Amino acid sequence: MRRGEACGQRWTDTHLDDGRITVAKQLVVSGWEVYEDDPKTDAGARTIALDSDTVRALKRHRIQQDADREEWGSAWAETGRVFTKENGEMLHPANVTRRFIELCEEIGLPPIRLHDLRHGAATLAHAAGDHLKDIQVMLGHSSIAITADTYTNLLPETDRAIAEAAARLVPRARPMEPTTET
C-alpha cells in the first residue's frame with residue numbers, strides 16, 4: 001500500500017477472516033492539512049490478499065486498539081481507522097514517515113525511504129514467481145509498464161536462475177568421455 005492508503009485504511013474495509021483488505025480511501029497531505037480522498041487512480045481502488053502472519057498481526061493490533069479505546073473512554077477519537085494514534089486520532093502521513101526513519105536509525109538499518117517498501121514488495125513478489133499483471137493489480141498501478149519499469153528489480157539469485165534456465169535451452173555439443181583407446 002501507499003503511505004496515504006495505509007493511513008486511511010478503515011476497519012470496515014479490512015476483512016481479516018477472509019485475509020484481505022479493500023483499498024477504498026487514502027489520506028492526502030496538502031501543505032500540512034490532511035484530508036480523506038479516493039485512491040490515487042481507478043486502479044488504486046483494489047482488494048489485496050494478506051498473508052497469515054499479517055492477518056495475525058492485524059488481529060493483535062485490533063485487540064490492542066480495543067484496549068486503548070476502553071482506556072481512553074469518552075476521550076477516544078472514533079475515526080474507524082486501522083492505524084491511529086493511541087487515542088484513536090488518525091495518523092498524519094508525514095509523521096508516519098518521520099517515525100519510520102527514526103526506527104531505521106534506531107536499529108541501524110541503512111537509509112531507506114518508506115515508499116521503497118513498495119519497491120521491495122514488488123521485487124519479492126516477482127522473485128516468488130508472481131506475474132507482472134498480478135503485481136500491477138496488487139500495487140494499484142494503472143499500467144503494467146509502470147510496474148515493470150519502476151517497481152521490479154532482479155534479485156541476484158533470480159538473475160542467476162534466469163541465466164541458467166536460458167543457458168539450458170541452448171543446444172551444445174557435449175564433451176565426449178575419454179576412453180582407454182584414446
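**View 1. The largest nonpolar core has nine residues.** Here you'll find Trp-11, Leu-16, Ile-21, Val-23, Ile-48, Leu-50, Val-55, Leu-58 and Val-82; a nonpolar core is a set of buried Ala, Val, Leu, Ile, Met, Phe, Trp, Tyr and Cys residues joined through side-chain atoms within 4.5 Å. Buried means under 20% relative accessible area, exposed over 50%, and partly exposed in between (1.4 Å probe, protein chains only). β2 (20–23) and α2 (52–72) each chip in at least two core residues; helices (H or I, at least four residues) and strands (E, at least two) are DSSP runs, numbered from the N terminus. The model is predicted: local features need pLDDT of at least 70 and side-chain atom pairs 80 or more, while totals for chains, interfaces and linings use all residues. Residues are numbered from 1 along each chain as its sequence is written, and side-chain values use heavy atoms, without hydrogens or water.

**View 2. Leu-58 and its contacts.** Leaving out residues up to four places away in sequence, Leu-58 touches Trp-11, Leu-16, Leu-50, Val-82 and Phe-83 (contact means heavy atoms within 4.5 Å).

**View 3. The two sides of α2.** Val-55, Leu-58, Gln-65 and Asp-68 are the buried residues of α2. Looking down the helix axis, they fall within an arc of 135 degrees, so they line one face; the arc is that of the directions from the axis to the C-beta atoms. Over on the other side, Asp-53, Arg-60, Ile-63, Glu-70 and Glu-71 are exposed.

**View 4. Leu-91 sits in the loop between α2 and α3 (93–106).** Leu-91 is partly exposed, at 22% relative accessible area. Gly-8 is 83 residues away in sequence, yet the two C-alpha atoms are 8.5 Å apart.
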